[in-house]
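Thanks for sending this one over. Here are my notes, set out point by point so you can check each against the coordinates.

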Amino acid sequence: MSESEPHCEALVADCRLRAATDLFAHTWDPVVLAALRPGPRRRRELRAAIGGLSDKVLTETLRRLCARGLVDRRAFAQAPPRVEYALTPLGRSLVEGPMQALGAWILEHGDALLMAEENGMEPGSTGS
């Protein structure tokens, strides 16, 4: 056990693990992050790439991701005004690290997960 683990266990609500898992608590956060992986995009391009999310939800998601330092908002001084969103180095490390690993896990185990959900049992159980 490292020196930081006992402190983390004593203050679970303030733990870095909780801060990290909160990144996936909002349905659209990982989706928007993944949509920004290829490079900077304007709002319209994000909505087209993602589909199925309202402008209000996109606004809330982008604000939350910017506030957490995962996405950068860049406004260009031109007429008409133009704004682009891009991953920060921190956001890129999340997308290309844990999110990529989760994606690989989903490819390997996604069918079992969905099947267990449909059957009302835990993945890996025999059902007997």
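The points below go from the overall layout to a few local features.

1. Starting with the basics: this is a predicted model. The protein chain has 6 helices and 2 strands, and from the N terminus the order is α-α-α-α-α-β-β-α. Of its 128 residues, 24% are buried. Looking at contacts between residues at least 6 apart in sequence, 45% link residues at least 24 apart.

2. Next, the pairing of H4 (residues 43–50) with H5 (residues 55–67). Their axes sit 11 Å apart and make an angle of about 110 degrees. With 65 to 115 degrees as the range for the term, the two helices are therefore roughly perpendicular to each other. The crossing is right-handed.

3. Who meets whom there? On the H4 side you'll find Arg 43, Leu 46 and Arg 47, and on the H5 side Asp 55, Leu 58, Thr 59 and Leu 62. By type, that contact splits into 3 nonpolar, 1 polar and 3 charged residues.

4. Now the largest nonpolar core, which has 19 residues. Those touching the most other members are Val 32, Leu 33, Leu 36, Leu 46, Leu 62, Val 71 and Tyr 85. Helix H3 (28–35), H4, H5, strand S2 (82–87) and helix H6 (89–119) each give two or more residues to this core. As background, nonpolar side chains tend to be buried together in soluble globular proteins.

5. Leu 62 deserves a look of its own, since it turns up both in the H4–H5 contact and among the best-connected core members. Setting aside neighbours within four places in sequence, Leu 62 is in contact with Val 32, Arg 43, Leu 46, Val 71 and Tyr 85.

6. Is Asp 29, a residue of helix H3, buried or exposed? Its relative accessibility is 1%, below the 20% cut-off, so Asp 29 counts as buried. Not counting residues up to four places away in sequence, Asp 29 touches Leu 23, Thr 61, Arg 64, Leu 65 and Arg 68. The C-alpha atoms of Asp 29 and Leu 62 are 8.1 Å apart, with these positions 33 residues apart along the chain.

7. Last, please check the backbone at Ala 79 and Pro 80: the peptide bond joining them is cis, with omega about -10 degrees. Pro 80 is in the loop between strand S1 (71–76) and S2. For context, most peptide bonds are trans.

Definitions and conventions
Residues numbered from 1 in each chain as written. Predicted model: local features only at pLDDT ≥ 70, side-chain atom pairs only at ≥ 80, totals over all residues. Heavy atoms only, no water. Axes fitted to C-alpha atoms, helices over the stretch in contact; angles between N-to-C directions. Helix = DSSP H or I, 4+ residues; strand = E, 2+ residues; numbered from the N terminus. Parallel < 35°, antiparallel > 145°, perpendicular 65-115°, else oblique. Left-handed = near helix turned anticlockwise from the far one by under 90°. Contact = heavy atoms within 4.5 Å. Nonpolar A, V, L, I, M, F, W, Y, C, P; charged D, E, K, R; others polar. Core = buried A, V, L, I, M, F, W, Y, C linked by side-chain atoms within 4.5 Å. Buried < 20%, exposed > 50% of the residue type's maximum accessible area, 1.4 Å probe, protein only.
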